Structure formats: C-alpha cells, structure tokens
Amino acid sequence: MRIVISILAFIVGMGCVAYAYVGSALQMANEAGQAARGGDEIGAVSMIIDFVMSGEIPQLTSYLYGGALLIVLAVVNLILNNPKDDDREDSV
C-alpha cells in the first residue's frame with residue numbers, strides 16, 4: 001500500500017509540475033499572439049526568445065512548488081518508511 005501511495009503522489013506531483021510549465025507556455029503564446037496581431041511580429045518572437053533565454057520559472061509557481069513537494073514526499077516515503085520486521089515468530 002505504501003508503494004502505491006508513493007507512486008500516486010509522484011504522478012500527481014509530476015502532473016502539477018507539467019501543468020505549471022504548460023500553463024506558462026500557453027500564457028506566453030497568448031501574449032506573443034496579441035503582440036503579433038498588433039503588428040509587432042519581431043517583438044513577439046523577441047519576447048519568446050527572451051523568455052526562453054532568461055530561464056524564468058513559470059508564473060504558476062504554486063503548482064510548481066506543490067508538485068515538487070509531492071514528489072519529495074513520495075520519494076522520502078519510499079526511502080525512510082521501511083516496514084518493521086515481524087519478529088513474532090522468534091519470541092516463542
């Protein structure tokens with residue numbers, strides 16, 4: 001059961017991180033599209049290049065940090081939560 005919970009937490013965490021990056025990319029594409037519709041095609045391309053080169057984190061940071069927390073909790077749960085040895089057979 002411990003492994004299933006850890007795997008599910010890991011998957012949900014990865015989903016949150018992916019949602020943060022996809023949402024950020026869609027927001028950037030929307031802003032670039034508005035700039036391109038305004039007649040500034042070079043500015044739109046420049047905006048996207050600047051965003052990629054800056055290495056900024058996505059604006060949906062709550063999902064990014066929440067996903068990272070879930071991933072860390074899943075890994076820690078698998079590593080540190082070892083099942084206790086069953087010594088009932090030895091105590092006869």
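Contact here means heavy atoms within 4.5 Å. With that term in hand, the tour can begin; the structure on display is a predicted model.

**The whole chain**

Start by colouring the protein chain by secondary structure. The protein chain comes to 3 helices and 0 strands, and read from the N terminus its elements follow the order α-α-α. Next, colour by accessibility: of the 92 residues in the protein chain, buried residues make up 18%. Among contacts between residues at least 6 apart in sequence, 74% join residues at least 24 apart.

**Leucine 78 and its contacts**

Now select leucine 78, which is found in helix H3. Is leucine 78 buried or exposed? Leucine 78 counts as partly exposed, because its relative accessibility is 38%. Which residues is leucine 78 in contact with, once its neighbours within four places in sequence are left aside? They are Arg2, Ile3 and Ser6. Add isoleucine 3 to the selection and display the C-alpha atoms of the two residues. Leucine 78 and isoleucine 3 are 75 residues apart in sequence, yet C-alpha to C-alpha they are 6.8 Å apart in space.

**Helices H1 and H3**

Widen the selection to helix H1 (residues 2–37) and helix H3 (residues 61–80). Two packed helices are described by the angle between their axes and the distance between the axes. The axes of H1 and H3 come within 7 Å and cross at roughly 160 degrees. H1 is therefore roughly antiparallel to H3, since angles over 145 degrees count as such. The crossing of these two helices, H1 and H3, is left-handed. Colour the residues of this contact by type: those of H1 with H3 divide into 17 nonpolar, 4 polar and 1 charged.

**The aromatic pair**

Keep H1 and H3 in view and show the aromatic side chains. How many aromatic pairs does the structure hold? It holds 1 aromatic pair. Select tyrosine 19 and tyrosine 63: their ring centres are 4.8 Å apart and their planes stand at 75 degrees, so the pair is edge-to-face. Because tyrosine 19 lies in helix H1 and tyrosine 63 in helix H3, the pair ties together parts that are 44 residues apart in sequence. Tyrosine 19, at 45% relative accessibility, counts as partly exposed. Tyrosine 63 likewise counts as partly exposed, at 39% relative accessibility.

**Helices H1 and H2**

Hide H3, keep H1, and select helix H2 (residues 41–54). The axes of H1 and H2 come within 7 Å, crossing at roughly 160 degrees. This makes H1 roughly antiparallel to H2. In which hand does H1 pass H2? The crossing is right-handed. To see the contact itself, display Ser24, Met28, Glu31, Ala32, Ala35 and Ala36 on H1, then Glu41, Ala44, Met47, Ile48 and Phe51 on H2. Coloured by type, the residues of the contact of H1 with H2 divide into 8 nonpolar, 1 polar and 2 charged.

**A last view**

Finally, restore the complete chain and orient the view along H1. Both H3 and H2 can be followed from here, as H1 is roughly antiparallel to H3 and roughly antiparallel to H2.

Terms used: Residues are numbered from 1 along each chain as its sequence is written. This is a predicted model: local features need pLDDT of at least 70, side-chain atom pairs count only at pLDDT 80 or more; totals for chains, interfaces and linings use all residues. Side-chain values use heavy atoms; hydrogens and water are left out. Axes are lines fitted to C-alpha atoms, for helices over the stretch in contact, and angles run from 0 to 180 degrees between N-to-C directions. Helices (H or I, at least four residues) and strands (E, at least two) are DSSP runs, numbered from the N terminus. Angles under 35 degrees count as roughly parallel, over 145 as roughly antiparallel, 65 to 115 as roughly perpendicular and the rest as oblique. A crossing is left-handed if the near helix is turned anticlockwise from the far one by less than a right angle, and right-handed if clockwise. Ala, Val, Leu, Ile, Met, Phe, Trp, Tyr, Cys and Pro count as nonpolar, Asp, Glu, Lys and Arg as charged, and the others, Gly among them, as polar. Rings of Phe, Tyr and Trp (its six-membered ring) pair if their centres lie within 6.5 Å; planes under 30 degrees apart count as stacked, over 60 as edge-to-face and the rest as tilted. Buried means under 20% relative accessible area, exposed over 50%, partly exposed in between (1.4 Å probe, protein chains only).
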